[in-house]
Amino acid sequence: MKISVLVVDGTSDSGLAAVLDVLQTANELRGELPQPPPPWQVTCVGPYGPVRTAAGHAVTAVAPGAAPAPDVLVVPGVGHKQPELLAAWVAAPERKPVRDVVRTARAAGVPLAAACTGTFLLAESGVLDGHPATTSWWLAPHFRKRYPLVALDETRMLAHAPGITTAGAATAHLDLALGLVRGTSPALADLTARYLLIDTRPTQAGYAVPSHLARTDPTVSAFERWVCDHLDRPLRIADAARAQGTSERTLQRAVDRALGVSPLRFAQRIRLEQAAHLLRTTDLPTEAVARRVGYENATTLTTLLRERLDTTPGRLRRQALGRR
């Protein structure tokens with residue numbers, strides 16, 4: 001399989017290294033399988049020639065037309081973490097050659113894969129319109145506002161659409177690269193993950209900070225504060241709206257516009273984040289933790305932790321003990 005990795009000035013060092021390391025490791029481990037898949041041929045490409053990463057390291061890149069016709073084009077993230085700077089960067093006239101590389105590959109039927117802030121480059125190129133995608137969780141409100149035609153679900157670590165795979169925040173480059181390996185050989189992907197100590201992480205939800213997401217809209221921010229002040233009480237959206245001097249419909253629209261979920265679902269995120277914090281930092285019984293965050297019993301809390309955060313009370317407590 002021939003893989004082209006699109007690099008530009010400001011490419012994320014960790015993201016680029018993760019993609020290259022996973023594919024190189026898979027190549028080196030192929031021989032351990034009874035029937036190894038063909039090797040991966042990886043080429044860094046860029047419309048500008050050699051580039052500098054976000055940390056200033058030089059990367060040699062060849063023009064896309066000079067590289068072997070790729071089976072996949074991978075777009076790592078870039079170093080911009082602030083949404084305003086990132087949006088300006090991907091939309092700048094100087095980035096048109098980069099966007100053209102993405103569009104040309106898509107028009108030629110080349111599968112695309114992008115992670116972290118690299119998903120903004122795909123979205124800006126228009127290739128994600130009408131398709132499911134994910135991105136870095138803290139950028140999701142800005143992504144959703146800028147690219148309303150994309151079916152965004154920032155809770156997912158990987159999102160698949162026909163011919164396009166997107167991944168979440170920076171270390172999700174590992175998941176993205178492993179996904180490329182898994183598409184050819186699941187056994188080799190598992191072996192590579194073991195060598196590199198990469199755990200399965202199907203969701204970003206456990207990493208997201210609700211208060212950070214809420215800051216993008218004053219109505220959502222006020223709702224987040226109200227939920228935190230009433231964690232141990234029954235949740236009534238009408239009461240929350242009334243306390244903010246707005247209508248329930250307006251509140252629902254604001255939360256959906258900013259976060260892509262209902263107020264109830266967002267409130268559950270807040271409650272589960274607090275529950276996870278209490279389970280990691282206190283010796284309170286799970287039943288008591290459940291009541292503190294507004295759930296009737298430990299069974300309900302455990303079920304929601306498993307469904308929404310892919311964890312359990314026991315696992316959270318074991319993780320906390322491992323850090324002490």
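**Strand pairing, overall form and the setting of P83**

A161 has I164 of strand β10 as its bridge partner. The model in which this pair occurs is a predicted one. The pairing belongs to the antiparallel association of β10 with strand β9, which covers residues 158-161 and is joined to β10 over 4 bridges. Between the strands of this β9 and β10 hairpin there are 2 residues, and G163 adopts a positive phi near 80°.

Strand β10, residues 164-167, also pairs with strand β6, residues 112-115. These two strands run parallel and are likewise connected by 4 bridges. Within this pairing, A113 is placed opposite T165 of β10. Strand β10 thus takes part in an antiparallel pairing with β9 and in a parallel pairing with β6.

For the chain as a whole, the secondary structure amounts to 15 helices and 10 strands. The radius of gyration is 22 Å, close to the 20 Å given by the globule rule for 324 residues, so the chain is as compact as a globular protein of that length. Along the principal axes, the C-alpha atoms occupy a box of roughly 65 × 45 × 35 Å.

Contacts and burial were computed over the same chain. Among contacts with a separation of 6 or more, 66% are made by residues 24 or more positions apart. Of the 324 residues, 49% are counted as buried. The accessible surface is about 15,200 Å², and carbon and sulfur atoms contribute 53% of that area. As for charge, 37 side chains are positive and 29 are negative. The centres of the positive and negative sets are 3 Å apart.

A single residue, P83, was examined in its surroundings. P83 lies in helix α2, which comprises residues 83-91. The relative accessible area of P83 is 12%, and the residue is therefore classed as buried, the cut-off being under 20%. When residues up to four places away in sequence are left aside, P83 is in contact with L139 and H142. The C-alpha atom of P83 is separated by 15 Å from that of A170, a residue 87 positions away along the chain.

Definitions and conventions: Residues are numbered from 1 along each chain as its sequence is written. This is a predicted model: local features need pLDDT of at least 70, side-chain atom pairs count only at pLDDT 80 or more; totals for chains, interfaces and linings use all residues. Side-chain values use heavy atoms; hydrogens and water are left out. The radius of gyration is taken over C-alpha atoms; the globule rule is 2.2 Å times the number of residues to the power 0.38. Buried means under 20% relative accessible area, exposed over 50%, partly exposed in between (1.4 Å probe, protein chains only). Contact means heavy atoms within 4.5 Å. Accessible areas come from the Shrake-Rupley method with a 1.4 Å probe; for residues, only the protein chains shown count as cover. Lys and Arg count as positive and Asp and Glu as negative; His and the chain ends are not counted. The place of a charge is taken as NZ of Lys, CZ of Arg, CG of Asp or CD of Glu. Two strands pair if DSSP finds at least two bridges between them.
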